[in-house]
Amino acid sequence: MEKIEKLEQAIGYTFKDKELIKQALTHSSYANEKKHPEKCNERLEFLGDSVLSIVVSDYLYKSLDVPEGDLTKMRASLVCEKSLHVFAQQIELGDYLMLGKGEENTGGRERSSILADAFEAVIAAVYLDGGMQAASEHIMHFMPKDIKHIKHSAFDDYKTVLQEVVQKNPEEKVEYVLIGEEGPDHNKRFVVEVCLNSNVIGKGKGRSKKEAEQLAAKEALELMGYDEAQ
């Protein structure tokens with residue numbers, strides 16, 4: 001229950017029916033080991049995929065006056081596995097998953113497909129527990145604020161992009177430094193600086209250290225001239 005409460009704090013939603021979130025976090029490998037395959041998160045993932053699609057479609061339709069083809073491409077970029085993997089990392093979702101021994105021993109907590117599926121399952125759990133409004137609010141936490149500049153191809157893992165940029169000069173070194181924590185335990189924000197050879201080039205604040213690092217890398221890329229529209 002302690003883990004459930006920590007995840008609820010991370011996503012800003014408290015479940016009335018805790019069984020829903022438990023099922024959302026249960027991978028099929030764990031359910032099969034426990035001889036309860038029906039308790040895995042696959043059905044929730046199916047529902048969450050649809051809820052995610054309608055919320056993102058509504059967001060794009062109301063935010064942008066662009067042709068249907070462009071809306072379709074943008075929606076695809078926001079709901080693809082790569083994007084959902086990044087969203088899941090922002091709330092450290094892998095830490096909360098219940099995995100079978102095989103998946104646990106082969107890096108399942110970091111596997112893109114498992115995290116993306118679990119992210120959709122959590123969406124469905126929020127939807128079933130609190131309705132479409134609650135699910136929409138949850139999803140919108142992860143949507144880019146400036147929708148006009150999202151890439152059509154895929155949501156970027158900013159840390160990876162920054163690393164790729166820096167690696168062009170082998171002598172350069174990137175380091176992420178946690179410089180502070182703000183707020184009460186139930187609504188904590190972490191502040192991280194990203195340094196290039198000890199010089200601060202970006203700063204980010206997020207609900208987890210990973211999210212703060214991503215936002216710090218994003219700011220660094222923007223300062224270096226690498227914006228999302230490229």
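The legends below describe close-up views of a predicted model.

**View 1. Helix 5 and helix 6 pack at an oblique angle.**
Two packed helices are described by the angle between their axes and the distance between the axes. For helix 5 (residues 68-79) and helix 6 (residues 81-90), the axes come within 5 Å and cross at roughly 45 degrees, an angle that falls neither under 35 degrees nor in the range 65 to 115, so that the pair counts as oblique. On the side of helix 5 the contact is made by Ser 77, Leu 78 and Val 79, and on the side of helix 6 by Glu 81, Ser 83, Leu 84 and Phe 87. Sorted by class, this contact of helix 5 with helix 6 holds four nonpolar, two polar and one charged residues.

**View 2. Helix 6 and helix 8 are roughly perpendicular to each other.**
The axis of helix 6 also comes within 8 Å of the axis of helix 8 (residues 112-140), and the two cross at roughly 75 degrees; because angles of 65 to 115 degrees count as roughly perpendicular, this pair is given that description. From helix 6, the residues Glu 81, Leu 84, His 85, Phe 87, Ala 88 and Gln 89 meet Ser 112, Ser 113, Leu 115, Ala 116, Phe 119 and Glu 120 of helix 8. The contact of helix 6 with helix 8 comprises six nonpolar, four polar and two charged residues. Glu 81, Leu 84 and Phe 87 of helix 6 are thus named both in the contact with helix 5 and in the contact with helix 8.

**View 3. The second largest cavity has a lining that includes Ala 88, Gln 89 and Leu 115.**
Two cavities of 30 Å³ or more are counted in the model, and the second largest of them holds about 40 Å³ of space. Its lining is formed by Ala 88, Gln 89, Glu 92, Leu 93, Gly 94, Asp 95, Arg 109, Glu 110, Leu 115 and Lys 210. By class, these lining residues of the second largest cavity are three nonpolar, two polar and five charged. Among them, Ala 88 and Gln 89 of helix 6 and Leu 115 of helix 8 also take part in the contact shown in the preceding view.

**View 4. The second largest pocket is lined by 16 residues.**
The space in the second largest pocket amounts to about 290 Å³. Of its 16 lining residues, Lys 6, Ala 10, Lys 188, Phe 190 and Arg 207 lie nearest the centre of the pocket. Helix 1 (2-11) and strand 2 (189-196) are the elements that give two or more residues to this lining, and helix 1 gives the most, with three residues. Divided by class, the lining of the second largest pocket has four nonpolar, five polar and seven charged residues.

**View 5. Asn 187 lies in the loop between strand 1 and strand 2.**
Asn 187, in the loop that runs between strand 1 (174-182) and strand 2, is partly exposed, with a relative accessible area of 38%. Although Asn 187 and Arg 207 are 20 residues apart along the chain, their C-alpha atoms are separated by 7.6 Å. Arg 207 is also one of the residues that lie nearest the centre of the second largest pocket.

**View 6. Lys 35 and Asn 197 have positive phi values.**
In Lys 35, which is not a glycine, phi is positive and near 65 degrees; Lys 35 sits in the loop between helix 3 (28-33) and helix 4 (42-63) and is exposed, at a relative accessible area of 69%. Asn 197, likewise a residue other than glycine, has a positive phi near 55 degrees. The loop that holds Asn 197 lies between strand 2 and strand 3 (199-206), and there Asn 197 is partly exposed, with a relative accessible area of 36%.

**View 7. Val 166 and Leu 221 are buried residues in helices.**
Val 166, in helix 9 (residues 158-166), has a relative accessibility of 5% and therefore counts as buried. Leaving aside residues up to four places away in sequence, Val 166 touches Glu 172, Lys 173, Val 174 and Leu 196. From C-alpha to C-alpha, Val 166 and Leu 196 are 8.6 Å apart in space, with their positions 30 residues apart in sequence. Leu 221, found in helix 10 (residues 209-223), is likewise buried, at 3% relative accessibility. The C-alpha atom of Leu 221 is separated by 8.8 Å from that of Val 165, although these two residues are 56 residues apart along the chain.

Terms used. Residues are numbered from 1 along each chain as its sequence is written. This is a predicted model: local features need pLDDT of at least 70, side-chain atom pairs count only at pLDDT 80 or more; totals for chains, interfaces and linings use all residues. Side-chain values use heavy atoms; hydrogens and water are left out. On a 1 Å grid over the protein atoms alone, a cavity is a set of points where a 1.4 Å probe fits but cannot get out, and a pocket is an open set with protein on both sides within 12 Å along at least five of seven lines; lining residues have an atom within 4 Å of a point. Grid points are joined across faces, edges and corners, and a volume is the space filled by probe spheres set on the points. Ala, Val, Leu, Ile, Met, Phe, Trp, Tyr, Cys and Pro count as nonpolar, Asp, Glu, Lys and Arg as charged, and the others, Gly among them, as polar. Helices (H or I, at least four residues) and strands (E, at least two) are DSSP runs, numbered from the N terminus. Axes are lines fitted to C-alpha atoms, for helices over the stretch in contact, and angles run from 0 to 180 degrees between N-to-C directions. Angles under 35 degrees count as roughly parallel, over 145 as roughly antiparallel, 65 to 115 as roughly perpendicular and the rest as oblique. Contact means heavy atoms within 4.5 Å. Buried means under 20% relative accessible area, exposed over 50%, partly exposed in between (1.4 Å probe, protein chains only).
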